[in-house]
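Hi everyone, thanks for coming. Please have the sequence and the structure open while I talk.

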Amino acid sequence: MIILPKNKKILDRIGENIKLARLRRKFSSEQVAERANISRPTLSAIEKGKPTVSIGSYLLVLQVLGLEKDFLFLAKDDELGRKLQDASISTNERAPKRKDNNG
């Protein structure tokens, strides 16, 4: 998996924010991992912004911290999409079907 440096910084910041939220609540990593039903190494990876952790695990941790609604803000302000929509550029909802070479 190749992650661009600017995107790695975003993941790092998300991890830091999650860790700070845990510490503000005075939850141990053990408590959060147990309540989220994930391992402590997975929680550690989340708090370090590792790109290999599933988005579902991030959601479980945010749920334990009472921050699961933050997920609703992902991709919420879609400036490019709105500009394309305003410019009346239509996009296909689905990719076109591939043609079979078999006939």
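**One helix and its two sides**

Let's begin with the exposed side of α1: Pro5, Lys6, Lys9, Arg13 and Arg24 are exposed there, where exposed means over 50% relative accessible area, buried under 20% and partly exposed in between, with a 1.4 Å probe and protein chains only. Helices here are DSSP runs of H or I with at least four residues, numbered from the N terminus.

A quick word on the source: this is a predicted model, in which local features need pLDDT of at least 70, side-chain atom pairs count only at pLDDT 80 or more, and totals for chains, interfaces and linings use all residues. Residues are numbered from 1 along each chain as its sequence is written, and side-chain values use heavy atoms, leaving out hydrogens and water.

Now turn the helix around. Which residues of α1 are buried? They are Gly15, Ile18, Ala21 and Arg22. Seen down the axis, these buried residues fall within an arc of 125°, so they line one face of the helix; the arc is taken from the directions from the helix axis to the C-beta atoms. The cover over them includes α2 (29-36), α3 (40-47) and α4 (55-64).

Let's stay with Arg22. It counts as buried because its relative accessibility is 8%. Leaving aside neighbours within four places in sequence, Arg22 is in contact (heavy atoms within 4.5 Å) with residues including Phe27, Val32 and Glu47. Its side chain also reaches the backbone oxygen of Phe27 at 3.0 Å.

Finally, look just past the helix: α1 is followed by Lys26, whose phi is positive, near 60°.

Notes
A polar contact is a pair of N or O atoms within 3.5 Å; within protein, one must be able to donate a hydrogen and the other to accept it, and residues adjacent in sequence count only if both atoms are side-chain atoms. Helices (H or I, at least four residues) and strands (E, at least two) are DSSP runs, numbered from the N terminus.
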